[in-house]
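Biologist: Could we go through the cysteines of this model together?
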Amino acid sequence: MITLKEKTRFRVSPLARTILGLSVAASIVWFLRSLRNPNPNSFDILDTKPMSVHEDSPERNFYDDPNLSYSIDKSVKDWDAKRRNWLKRHRPDRDRILVITGSQPLKCQNENGDHLLLRMFKNKVDYCRIHGYEIYYNNAFLHPKMGGYWAKYPIIRAAMLAHPEAEWIWWIDADAVFTDMDFKVPIERYKSHNLVINGWPNMIYKDRSWVGLNAGVFLIRNCQWSMTLMEVWAGMGPQTPRYQNWGKIQKSVLKDKVFPASDDQSGLIYLLLKQNKRWADKIYLETEYGLHGYWLNLVDTYEKVNKGYIEIEKGVQKLRRRHAEKQSEVYGELWELYIKDTTFKRRPFITHFTGCQPCNGEHNPAYTRQQCLKGMENALNYADNQVLRQYGFVHPNLSDSSVTQLPFDFPASSG
């Protein structure tokens, strides 16, 4: 029989009971975690309350894997699962589109080149600010052998890892200009696709033309499919031992390809032709609006198109009402009610100065240097006018960067 003294000896203090309870709770959590994730080196996480993408937690994720490489030379496996687990812990922002552009690391050879690239970058920053997109400008070759049009793929691949919160990466060449600052890409249209690019099926499948699409502007989903596509696509690039041979293959398949080197645009068309079942279902060839608008067909239309907008504004007071720049998207949606008529000539979304080479100045001999410079000046001022309206100014002449202040209730007040 236990005496009162012995009972006192075995009494557990409140502190000890608390410690024991915490230990039991921790053991249960560990046990449940082990049932869900028996591999202690895995980067899976338990369901927890998501935090902002600007915050981090001590829990391991794919970034802690020493074998993960940002280089396009090394494959990434199970990216969808890794990214999904990261997104469980981090709450992404709206739209989740990252715009990427860039230029060469060295100073431009063309005397006006650096100034033009700066203005073209400002144009992209303006568009992204209006629509709430983040933008990344790169001027480094992330692969020493991948320059020119091939330089974008190592950048996009690294950006996918650096920005798991981004659902889409939107690449736009340095020489492309947003010329409709209101228009917004209908991203919901592409929910079943992973690559969106301007392309024309007849030119690709019937004519087998190397200009059947344009690879200077496209949206690519941040997913394993895209990782694999870029690995195959970039496999035709100058960093591979078969680069010269790929140029010959592309030229033999695409009859209007005039230069012998393998290029990314011809490479994608080749994949659509020769590996159609593997890739085509997830590639959206956009024809309803211009992700890529050939500049020579557009720069002389700006003035006439603008007159159409002015005429509508004169008759609709709520369209010309002054407002904060942060409200631009609301007014852009309002504009759609008045310009959705298929007969209305709307602004070209993007004007792409393909062949003008603003940095090195080695333009296509089919047009003159002056044509390129004048066209770029007009496009940049045309786009800038749409931005400056929110600041009370405008370029009265598209060929001149000087500005004038707008009167109240413009354009109704201008007669």
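Modeller: The exchange below concerns the cysteines and their links. This is a predicted model, in which local features need pLDDT of at least 70, side-chain atom pairs count only at pLDDT 80 or more, and totals for chains, interfaces and linings use all residues. Residues are numbered from 1 along each chain as its sequence is written, and side-chain values use heavy atoms, with hydrogens and water left out.

Biologist: How many disulfides are there by your rule?
Modeller: The count is two, a disulfide being a pair of cysteine sulfur atoms within 2.5 Å.

Biologist: Which residue does Cys108 pair with?
Modeller: Cys108 is joined to Cys359, with an S to S distance of 2.2 Å. Cys108 sits in the loop between β3 (97–102) and α4 (113–131) and Cys359 in the loop between β10 (350–352) and α14 (369–388), so the link ties together parts 251 residues apart in sequence. Helices (H or I, at least four residues) and strands (E, at least two) are DSSP runs, numbered from the N terminus.

Biologist: And what is the handedness of the link of Cys108 and Cys359?
Modeller: The link is left-handed, with -105° about the S-S bond.

Biologist: What about Cys356 and Cys372?
Modeller: Their sulfur atoms lie 2.2 Å apart and form a disulfide. Cys356 is in the loop between β10 and α14 and Cys372 in helix α14, so this pair connects parts 16 residues apart in sequence. The S-S torsion of Cys356 and Cys372 is about -85°, so this disulfide is left-handed.

Biologist: Changing topic, is Cys128 buried or exposed?
Modeller: Cys128 counts as buried because its relative accessibility is 1%; buried means under 20% relative accessible area, exposed over 50%, and partly exposed in between (1.4 Å probe, protein chains only).
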